[in-house]
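Open the model in your viewer and keep the selection tool at hand. The stops below go from one helix pair to the interior, then to two single residues and the whole chain.

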Amino acid sequence: MKKYKTSEPSKNVVQETAMTYSYQNFDDVGVFNLIDITQKGISFKLFDGISKKFPFTMQDWADYLHISGKTLSRYQKEDKSFDVLQSEKILQIEILYKRGQEVFGSSENFLIWLQSENVALGKTKPQDLLGSVFGISLLMDELTRIEHGVLA
């Protein structure tokens, strides 16, 4: 695989990358920064900052990341970094959050939508789809439809 030169990511790169670029505006450097971050693993400290934006319990997060609540507690206790797949999921949820803020105009409105039963999603709460990459992708698509006024 060809190696691409990327800048050295700082501890704030996750927030900067996810907040600077909207979901649709990632350039190659932004994508490679995300790849670097996921390969190094997101620390529990950084995850904790991201998780506090949501009204989810730690057990909800454990379910989304497909780990046990005990494992998540151990990560917290040892300030352990998440593996690549878990780090990707955390970043995808963070990017979804940013996109939701853009579409709904505030995090509060996005979080209400995320927790409300949605007819367009088969009467499912959007937050129930966060455990799957396909679910997150579906939510991104739904946010785009909402942004363009296509509600069904």
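Which residues in helix 3 meet helix 4, and which residues in helix 4 do they meet? Select both helices in this predicted model. From helix 3, the residues to show are Phe44, Phe47, Asp48 and Ser51; on the helix 4 side they meet Met58, Trp61 and Leu65. Sorted by class, this contact consists of five nonpolar residues, one polar and one charged.

Now hide the side chains and look at the two helices themselves. Helix 3 covers residues 44-51 and helix 4 covers residues 58-65. Their axes are 12 Å apart, and the packing angle is about 110°. Angles of 65 to 115 degrees count as roughly perpendicular, so helix 3 and helix 4 are roughly perpendicular to each other. Their crossing is right-handed.

Next, select Phe47 alone and bring up what surrounds it. Apart from neighbours within four places in sequence, Phe47 is in contact with Ile42, Met58, Trp61, Leu65, Leu72, Phe82 and Ile90.

Phe47 also leads to the next stop, the largest nonpolar core, which has 35 residues. Phe47 is among those with the most contacts inside this core, along with Phe54, Trp61, Leu72, Phe82, Phe110 and Leu130. Colour the contributing helices: at least two core residues come from each of helix 2 (28-40), helix 3, helix 4, helix 5 (69-78), helix 6 (84-104), helix 7 (107-115) and helix 8 (133-147). Helix 6 gives the largest share, seven residues. In soluble globular proteins, nonpolar side chains tend to be buried together.

Move to Gln127, in the loop between helix 7 and helix 8. Is Gln127 buried or exposed? The relative accessible area of Gln127 is 14%; under 20% counts as buried, so Gln127 is buried. Leaving out neighbours within four places in sequence, show its contacts: Phe56, Tyr64, Leu114 and Gln115.

Then go to Glu102 in helix 6. Glu102 has a relative accessibility of 33% and counts as partly exposed. Draw a distance from its C-alpha atom to that of Leu143: the two are separated by 9.4 Å, although the residues are 41 apart along the chain.

Finish with the whole chain in cartoon view. It has eight helices and zero strands. Of its 152 residues, 41% are buried. Among contacts between residues at least 6 apart in sequence, 62% join residues at least 24 apart.

Technical notes
Residues numbered from 1 in each chain as written. Predicted model: local features only at pLDDT ≥ 70, side-chain atom pairs only at ≥ 80, totals over all residues. Heavy atoms only, no water. Axes fitted to C-alpha atoms, helices over the stretch in contact; angles between N-to-C directions. Helix = DSSP H or I, 4+ residues; strand = E, 2+ residues; numbered from the N terminus. Parallel < 35°, antiparallel > 145°, perpendicular 65-115°, else oblique. Left-handed = near helix turned anticlockwise from the far one by under 90°. Contact = heavy atoms within 4.5 Å. Nonpolar A, V, L, I, M, F, W, Y, C, P; charged D, E, K, R; others polar. Core = buried A, V, L, I, M, F, W, Y, C linked by side-chain atoms within 4.5 Å. Buried < 20%, exposed > 50% of the residue type's maximum accessible area, 1.4 Å probe, protein only.
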